[in-house]
Amino acid sequence: MGDEESKGERLDRELMELLQELRVVLPGVQVLLAFLLTAPFQQRFAQLPGTLRNAFFASIACATVATALLIAPSAHHRLRWREGEKERLLPIANREAIWGTVFLAAAIVLALYVVTNVLFATWVAVLTAALAVAVFGWLWYALPLVGRSSSKEEDEESEPAGALDEP
């Protein structure tokens, strides 16, 4: 079949897809980290109670870890360029990207909690953070996994019918 690709072509394509996806995510995490790093220098920051300062610091820590995880595949690729490491790199880079999004979501939720708590009551901040966790959890993790199992079922159901149509 003409649509089949060699192992090398598949590895090249998968790596390029991963690096392209990271190019989409990285500006967001970098802007978030930059904002979080400058916020303590604002006058009102000194008035935050200890619990909000702790949540804010946790947000900075999560954004920093997310940045490191999301940049790591590109650094790995650059350091091991042309050494035949793509097959080894891809599963590692995939895990780094997934964990990077987990830490990015945590950083956003924590920052949202702090800002909402400053603007409104603590219960509103907790509710807002919980809703954000649900949104990220559903859109970034649950929905792709639900789609994967339903598409597998569709493929299995369509396979026998397609086999009967062949001469």
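A residue is called buried here when its relative accessible area is under 20%, and by that criterion 29% of the 167 residues in this protein are buried. The structure is a predicted model, and the values that follow were computed from it. The protein exposes about 11200 Å², of which carbon and sulfur atoms supply 64%.

The fold can be read off in sequence order as α-α-α-α, since the protein has 4 helices and 0 strands. How do contacts in this chain relate to separation along the sequence? Taking contacts between residues at least 6 apart in sequence, 72% of them join residues at least 24 apart.

The interior is a good place to begin looking at the helices together. The largest nonpolar core has 36 residues, and the members that touch the most other members are Leu36, Phe56 and Tyr113. Each of the helices α1 (7-38), α2 (50-79), α3 (86-119) and α4 (122-165) supplies at least two residues of this core, while α3 gives the most, with 11 residues. Phenylalanine 56 can serve as a guide to the surroundings of one of these core residues: leaving aside residues up to four places away in sequence, Phe56 touches Leu36, Ala39, Pro40, Phe45 and Val114. Leu36, itself named among the members that touch the most others, is thus one of the contacts of Phe56.

From the core, the reader may turn to the pairing of α2 with α3. The axes of these two helices come within 7 Å and cross at roughly 155°. Angles over 145 degrees count as roughly antiparallel, and α2 and α3 are therefore roughly antiparallel to each other. The crossing of α2 and α3 is, in addition, left-handed.

A single residue of α3 brings the account down to the level of side chains. Alanine 111 has its place in helix α3, and is it buried or exposed? With a relative accessible area of 11%, alanine 111 is buried, because this value lies under the 20% cut-off. Leaving out residues up to four places away in sequence, alanine 111 touches Leu36 and Ser59, so that Leu36 appears among the contacts of alanine 111 as well as among those of Phe56. Alanine 111 and alanine 63 are 48 residues apart in sequence, and their C-alpha atoms are 9.8 Å apart in space.

Notes. Residues numbered from 1 in each chain as written. Predicted model: local features only at pLDDT ≥ 70, side-chain atom pairs only at ≥ 80, totals over all residues. Heavy atoms only, no water. Buried < 20%, exposed > 50% of the residue type's maximum accessible area, 1.4 Å probe, protein only. Contact = heavy atoms within 4.5 Å. Areas by Shrake-Rupley, 256 points an atom, 1.4 Å probe, with all protein chains shown as cover. Core = buried A, V, L, I, M, F, W, Y, C linked by side-chain atoms within 4.5 Å. Axes fitted to C-alpha atoms, helices over the stretch in contact; angles between N-to-C directions. Parallel < 35°, antiparallel > 145°, perpendicular 65-115°, else oblique. Left-handed = near helix turned anticlockwise from the far one by under 90°.
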